[in-house]
Amino acid sequence: MTTPIKNEKIIHPLLEAHQVELFIKREDLIHPFISGNKFRKLKYNISEAKQQNKKTLLTFGGAFSNHIAATAAAGNAYGFKTIGIIRGDELGLDIDKTLTQNSTLAFAVKQGMQLHFISRADYKLKEQASFITQLQHTFGDFYLIPEGGTNELAIKGCSEILTPNDHTFDMVCCSVGTGGTVAGLIRSAQAQQHIMGFPALKENYLHLEISKKTTQHNWELNRDHHFGGYAKTTPELITFINDFYKTQKILLDPIYTGKLLYGIFECLKQGKFRKKTRILAIHTGGIQGIAGINTKLKKKGQKLITTSYEI
């Protein structure tokens, strides 16, 4: 990274009415393909893989995984072979059809990633030693990166998101998937700062998982804006994303950052932020996921997410 990541101030009548300031840290602008928290999570893992003289990166993800796309791009950029273990063996029955309908997986293949589709039942075994051993027998030696990229090296990278310039913010908000990004923010936040995470998943285990990664107590999870779970959307969310893009010229993704900003504005309406509060929201990237969600929305005859200003 050669230039500092900028914080963009959001101007909105609701913010002015409640006397709250909101800025967005544009982590999505780090790299066109390895952006946001994916860059942060992969940074030290790539270094460690090189240190171990590994030639192959192997990781896990769903059909529209930002992590799969970013790992494929990182492997291509830094000279690694990449293998993606993809949830859903039905997707491998007609690979040409799958790649035609799924821009995320098509991008990963274009970056050189080898895809291996497994059943949802087998996917649940991804953290078991016996399953990893089986993968080693199949694919040979590799550097393992967990689903979503979250491990100690990833948290180390995410702890670098906040800089001394961010110390003046009272609250830092981010979306939550596997919990690695928010754990990094919790560790690096100042004593007076409060971290609020907005899970994109419907699961209730995240609080326990994050608690395992940090000893601080300066954080909370807002579970009210997952819109039904991971990669689930509603017309209301899509409308919010489109309106935000039209007024702020900042594109949000429907899986993570769209839900994050929607949640922040709902909290604002409900008076959950004190007057004069200065909020920093982390844009974790993930824009590549829009194409896949739009494909699903189009099949349902629903309104699409626009990627141009002319809404």
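This report describes the fold, one helix and several individual residues of a predicted protein model.

## Overall fold

The secondary structure of the protein chain consists of 13 helices and 10 strands. The radius of gyration is 19 Å, close to the 19 Å that the globule rule gives for 311 residues, so the chain is as compact as a globular protein of that length. Along its principal axes, the C-alpha trace spans about 60 × 45 × 40 Å.

Of the 311 residues, 54% count as buried. Among contacts with a separation of 6 or more, 74% are between residues 24 or more positions apart. The accessible surface of the chain is about 14,500 Å², and carbon and sulfur atoms account for 51% of that area.

## Helix 11

Helix 11 runs over residues 235–248. At 1.5 Å a residue, its 14 residues should span 20 Å, and the C-alpha atoms at its ends are 20 Å apart, which agrees.

The helix has these buried residues: Leu237, Ile238, Phe240, Ile241, Asn242, Phe244, Tyr245 and Gln248. They pack against two strands and two helices: strand 1 (7–10), strand 2 (21–25), helix 12 (257–269) and helix 13 (289–299).

## Phe240 within helix 11

Phe240 is part of helix 11. Its relative accessibility is 16%, and the residue counts as buried because the cut-off for that class is under 20%.

Beyond residues up to four places away in sequence, Phe240 touches Leu252, Gly258, Leu261, Tyr262 and Phe265. One of these, Leu252, lies 12 residues from Phe240 along the chain, and the C-alpha atoms of the two are separated by 9.6 Å.

## Positive phi at Lys249 and Asn53

Lys249 comes just after helix 11, in the loop between helix 11 and helix 12. Lys249 is not a glycine, yet it has a positive phi of about 60 degrees. With a relative accessibility of 39%, Lys249 counts as partly exposed.

Asn53 also has a positive phi of about 60 degrees and is likewise not a glycine. Asn53 sits in the loop between helix 2 (36–51) and strand 3 (56–61). At 58% relative accessibility, Asn53 counts as exposed.

## His283

His283 belongs to the loop between strand 10 (278–282) and helix 13. Although it is in a loop, His283 counts as buried, with a relative accessibility of 1%. Its side chain reaches the backbone oxygen of Leu251 at 2.8 Å.

Neighbours within four places in sequence aside, His283 is in contact with Ile24, Lys25, Arg26, Glu27, Asp28 and Gly36, and also with Ile250, Leu251, Leu252 and Thr257. Leu251 thus appears both as a contact of His283 and as the residue whose backbone oxygen the His283 side chain reaches.

## Thr257

Thr257 is located in helix 12. Its relative accessible area is 1%, and the residue is buried. The side chains of Thr257 and Asp253 are joined by a polar contact of 2.6 Å.

Apart from residues up to four places away in sequence, Thr257 touches Ser175, Leu252, Ile282, His283, Thr284 and Gly285. Leu252 is also in the contact list of Phe240 and in that of His283.

## Cysteines

The structure holds 0 disulfides. Cys174 is in no disulfide, and the nearest cysteine sulfur, that of Cys173, is 8.0 Å away. A disulfide requires the two sulfur atoms to be within 2.5 Å. Cys174 is buried, with a relative accessible area of 0%.

Cys267 is in no disulfide either; the nearest cysteine sulfur is again that of Cys173, at 7.6 Å. With 0% relative accessibility, Cys267 counts as buried.

Terms used:
Residues are numbered from 1 along each chain as its sequence is written. This is a predicted model: local features need pLDDT of at least 70, side-chain atom pairs count only at pLDDT 80 or more; totals for chains, interfaces and linings use all residues. Side-chain values use heavy atoms; hydrogens and water are left out. Helices (H or I, at least four residues) and strands (E, at least two) are DSSP runs, numbered from the N terminus. The expected span of a helix is 1.5 Å times one less than its number of residues. Buried means under 20% relative accessible area, exposed over 50%, partly exposed in between (1.4 Å probe, protein chains only). Contact means heavy atoms within 4.5 Å. The radius of gyration is taken over C-alpha atoms; the globule rule is 2.2 Å times the number of residues to the power 0.38. Accessible areas come from the Shrake-Rupley method with a 1.4 Å probe; for residues, only the protein chains shown count as cover. A polar contact is a pair of N or O atoms within 3.5 Å; within protein, one must be able to donate a hydrogen and the other to accept it, and residues adjacent in sequence count only if both atoms are side-chain atoms.
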